[in-house]
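Welcome! Let us look at the empty spaces in a protein model and at the residues around its ligands.

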Amino acid sequence: MKYYNIVFSPCGGTQKIANLIATNLTENVTEIDLSNPTFVDITLEKDSVAIIANPSYGGRVPPIVLEHLKKIMANKAKAILVISFGNRAIDDTLLELYEEAIKLSFIPVAALVAVSQHTLFTQFAVGRPDEDDNKELIKFAKVIKEKLEAKNSSFSNPIPGNKPYKIFKGCPIKPVGNNKCIKCLKCVASCPTGAIKKETPRLTDKTKCISCMRCVTICPTQARHGNNLLLKIASSSMKKEFEGRKPNMLYI
Ligand SMILES: Cc1cc2nc3c(=O)[nH]c(=O)nc-3n(C[C@H](O)[C@H](O)[C@H](O)COP(=O)(O)O)c2cc1C
Ligand code: SF4
Ligand code: SF4
């Protein structure tokens with residue numbers, strides 16, 4: 001049985017969670033990077049297991065994830081759905097991924113949501129997933145492994161979410177570079193949507209940018225930033241929604 005780790009993780013939090021699940025299920029896993037701007041069609045082997053992991057953006061699956069998933073021939077692979085979120089809420093993200101996976105002929109067998117440091121409002125969920133999260137995720141992986149071995153794909157608890165899905169029109173925070181830019185072009189190569197041109201790495205095509213914050217995270221000179229004032233206003237208006245330590249959840 002072949003295992004795939006199909007992950008969209010611009011800033012690495014989702015990847016940590018998916019990797020922890022993957023390594024506790026199997027020793028050999030094939031990575032499929034949904035944040036690769038030049039993502040091409042892939043066919044999964046028969047009788048595979050696929051972890052599909054992405055962050056919640058505005059309570060939804062980022063559209064680029066849906067776009068790239070359509071390029072994968074699932075071949076009825078058993079799917080373990082993973083949503084990371086920054087300690088606010090996932091709203092309809094998991095339900096959307098679950099329904100999309102079925103449409104694409106994956107067979108969902110398990111789903112989990114896990115908290116990971118907020119990549120826009122970095123003051124929330126700092127350091128998560130932490131040691132306690134890791135221990136819990138390893139326990140989740142054991143339960144998932146047992147379910148895979150039992151060849152049972154029915155869910156005994158409902159997938160959370162509502163329809164119609166929550167509307168998310170995107171985030172107005174679009175990072176740009178400043179005079180610290182040394183033109184290393186790392187941001188150009190790794191922007192998932194191709195929003196940064198090599199000729200002008202300090203600029204951002206705001207129509208393409210999805211505010212994923214990867215360019216901010218990877219820039220070696222910290223030249224890229226979102227609008228700090230906008231970030232402050234947005235985070236303080238939503239402060240209540242981030243209160244308390246939100247739990248990780250397994251749906252099986
Ligand atoms: C544009 C954007 C929208 C987000 N929306 C939400 C949200 O609705 N709820 C939430 O709890 N976290 C939200 N987050 C936080 C991310 O889901 C969280 O930080 C995630 O771990 C990021 O994954 P990554 O580290 O793999 O990039 C959002 C982050 C971004 C960049
Ligand atoms: S990663 Fe930073 S330093 Fe490198 S080109 Fe982009 S903005 Fe400039
Ligand atoms: S330009 Fe926008 S989409 Fe590209 S890496 Fe930066 S935040 Fe992400």
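## Pockets and ligand shells

The largest share of the lining of the largest pocket comes from α7, which contributes three residues. Keep in mind as you explore that this is a predicted model.

Rolling a probe the size of a water molecule over the atoms shows where empty space is left. The largest pocket has a volume of about 600 Å³. Along with α7 (228-237), the elements giving two or more residues to its lining are α1 (13-23) and β6 (78-85). In total, 36 residues line the largest pocket, and Ser56, Tyr57, Gly58, His118 and Leu120 lie nearest its centre. Domain 1 (3-164) and domain 2 (176-238) each supply at least three residues to the lining of the largest pocket.

Now turn to the second largest pocket, with a volume of about 390 Å³. Where does the second largest pocket lie? Domain 1 (3-164) and domain 2 (176-238) both give residues to its lining, so the second largest pocket lies between them. Its lining is made of 22 residues, and those nearest its centre are His118, Thr119, Leu120, Thr122 and Thr217. Here α1, α6 (214-218) and α7 are the elements that give two or more residues. With four residues, α7 gives the most to the lining of the second largest pocket.

You may have spotted two familiar names. His118 and Leu120 are among the residues nearest the centre of the largest pocket, and His118 and Leu120 are also among those nearest the centre of the second largest pocket.

Next come the ligands. Which residues are around ligand 2? Cysteines in this shell are Cys181, Cys184, Cys187 and Cys219. Ile182, Lys183, Leu185, Pro201, Pro220, Thr221 and Arg224 are around ligand 2 too.

Ligand 3 has 13 residues around it, and Cys191, Cys209, Cys212, Met213 and Cys215 come nearest.

The table shows how the residues divide by class in each place.

| Place | Nonpolar | Polar | Charged |
|---|---|---|---|
| Largest pocket, lining | 18 residues | 16 residues | two residues |
| Second largest pocket, lining | six residues | 13 residues | three residues |
| Ligand 2, shell | eight residues | one residue | two residues |
| Ligand 3, shell | nine residues | three residues | one residue |

Try reading the table row by row. The lining of the second largest pocket has 13 polar and six nonpolar residues, whereas the shell around ligand 3 has three polar and nine nonpolar residues.

Technical notes
Residues are numbered from 1 along each chain as its sequence is written. Chains are lettered from A and ligands numbered from 1 in the order in which they are written. This is a predicted model: local features need pLDDT of at least 70, side-chain atom pairs count only at pLDDT 80 or more; totals for chains, interfaces and linings use all residues. Side-chain values use heavy atoms; hydrogens and water are left out. A residue is near a molecule or strand if one of its heavy atoms lies within 4 Å of it. Ala, Val, Leu, Ile, Met, Phe, Trp, Tyr, Cys and Pro count as nonpolar, Asp, Glu, Lys and Arg as charged, and the others, Gly among them, as polar. On a 1 Å grid over the protein atoms alone, a cavity is a set of points where a 1.4 Å probe fits but cannot get out, and a pocket is an open set with protein on both sides within 12 Å along at least five of seven lines; lining residues have an atom within 4 Å of a point. Grid points are joined across faces, edges and corners, and a volume is the space filled by probe spheres set on the points. Domain bounds come from an automatic or database domain assignment.
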